[in-house]
Amino acid sequence: MEKTTTTPQPVCAQESLALLNCIASAPYDRDRCLALVDALRECIVHKRVKKFSLAEPSSTTSTEAPKSDPKH
C-alpha cells in the first residue's frame, strides 16, 4: 500500500505559484508566462515529480474560492 505524504513546502511551489500569478495577472504577458512554464517543467524534471495533488481544505481556511453551483 502506497503512503502519500505532504511536505511543509511543496516541491516546485515557488515555480507553480509564479506561473499561477502570471496567468492571473492583467495585462496577461504570454511570453513571461511561457518562460515560467519552462521553469516549472525544469523543476519537475529535476525533482522527478510524478504527480501533483492539492491538500484537503481545512475548516479554518477563510480565503477559499467560491464553489460553482452545479445547478447552472
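# A walk through a two-helix chain

Start with the whole protein chain in view: this is a predicted model, and its protein chain contains 2 helices and 0 strands. Before selecting anything, take in the surface, which for the protein chain comes to about 7100 Å², with 56% of that area belonging to carbon and sulfur atoms. Of the 72 residues in the protein chain, buried residues make up 12%.

**Stop 1: the two helices**

Select residues 13-24, which form α1, and then residues 30-47, which form α2. Viewed together, α1 and α2 pack at an angle of about 160°, and their axes are 9 Å apart. Since angles over 145 degrees count as roughly antiparallel, α1 and α2 are therefore roughly antiparallel to each other. If you turn the view to look through one helix at the other, the crossing of α1 past α2 is left-handed. To see what makes the contact, show the side chains of E15, S16, A18, L19, C22 and I23 on α1, and then add R32, C33, L36, V37, A39, L40 and C43 on α2.

**Stop 2: the loop between the helices**

Move next to P27, which is found in the loop between α1 and α2. Display the backbone here, and look at the peptide bond that joins A26 and P27, which is cis, with omega at about 0°. It deserves a pause, because most peptide bonds are trans.

**Stop 3: the nonpolar core**

Now select C12, L19, C22, C33, L36, L40, C43 and I44, the 8 residues that make up the largest nonpolar core. Both α1 and α2 supply at least two residues each to this core, and α2 gives the most to it, with 5 residues. Keep this selection on screen, as two of its members, C12 and I44, are the next places to visit.

**Stop 4: C12, ahead of the first helix**

Centre the view on C12, whose place is in the segment before α1. Is C12 buried or exposed? Its relative accessible area is 5%, and because buried means under 20%, C12 counts as buried. Check the backbone of C12 as well, for its phi is near 60°, a positive value in a residue other than glycine. Most residues other than glycine have a negative phi.

**Stop 5: I44, in the second helix**

From C12, go to I44, which has its place in helix α2 and is buried, with a relative accessible area of 16%. Which residues does I44 touch, once its neighbours within four places in sequence are left aside? They are C12, V49 and F52, each of which can be selected around I44 to show the contact. A distance label between the C-alpha atoms of I44 and V11 should read 8.1 Å, although these two residues are 33 residues apart along the chain.

**Stop 6: R48, after the second helix**

Continue to R48, which lies in the segment after α2. R48 has a positive phi of about 60° although it is not a glycine, and in this respect you may wish to keep C12 displayed beside it, since the phi of C12 is near 60°. The two residues part ways in their surroundings: R48 is exposed, with a relative accessible area of 73%, whereas C12 is buried.

**Stop 7: P10 and the segment after the second helix**

For the last stop, select P10, which lies in the segment before α1 and counts as partly exposed at 47% relative accessibility. Then add S53, which is 43 residues away from P10 in sequence and 9.9 Å away in space, taken from C-alpha to C-alpha. L54 may be added too; L54 is found in the segment after α2, and its relative accessible area of 81% makes it exposed. Between the C-alpha atoms of L54 and P10, which are 44 residues apart along the chain, the separation is 10.0 Å.

Conventions. Residues are numbered from 1 along each chain as its sequence is written. This is a predicted model: local features need pLDDT of at least 70, side-chain atom pairs count only at pLDDT 80 or more; totals for chains, interfaces and linings use all residues. Side-chain values use heavy atoms; hydrogens and water are left out. A nonpolar core is a set of buried Ala, Val, Leu, Ile, Met, Phe, Trp, Tyr and Cys residues joined through side-chain atoms within 4.5 Å. Buried means under 20% relative accessible area, exposed over 50%, partly exposed in between (1.4 Å probe, protein chains only). Helices (H or I, at least four residues) and strands (E, at least two) are DSSP runs, numbered from the N terminus. Contact means heavy atoms within 4.5 Å. Accessible areas come from the Shrake-Rupley method with a 1.4 Å probe; for residues, only the protein chains shown count as cover. Axes are lines fitted to C-alpha atoms, for helices over the stretch in contact, and angles run from 0 to 180 degrees between N-to-C directions. Angles under 35 degrees count as roughly parallel, over 145 as roughly antiparallel, 65 to 115 as roughly perpendicular and the rest as oblique. A crossing is left-handed if the near helix is turned anticlockwise from the far one by less than a right angle, and right-handed if clockwise.
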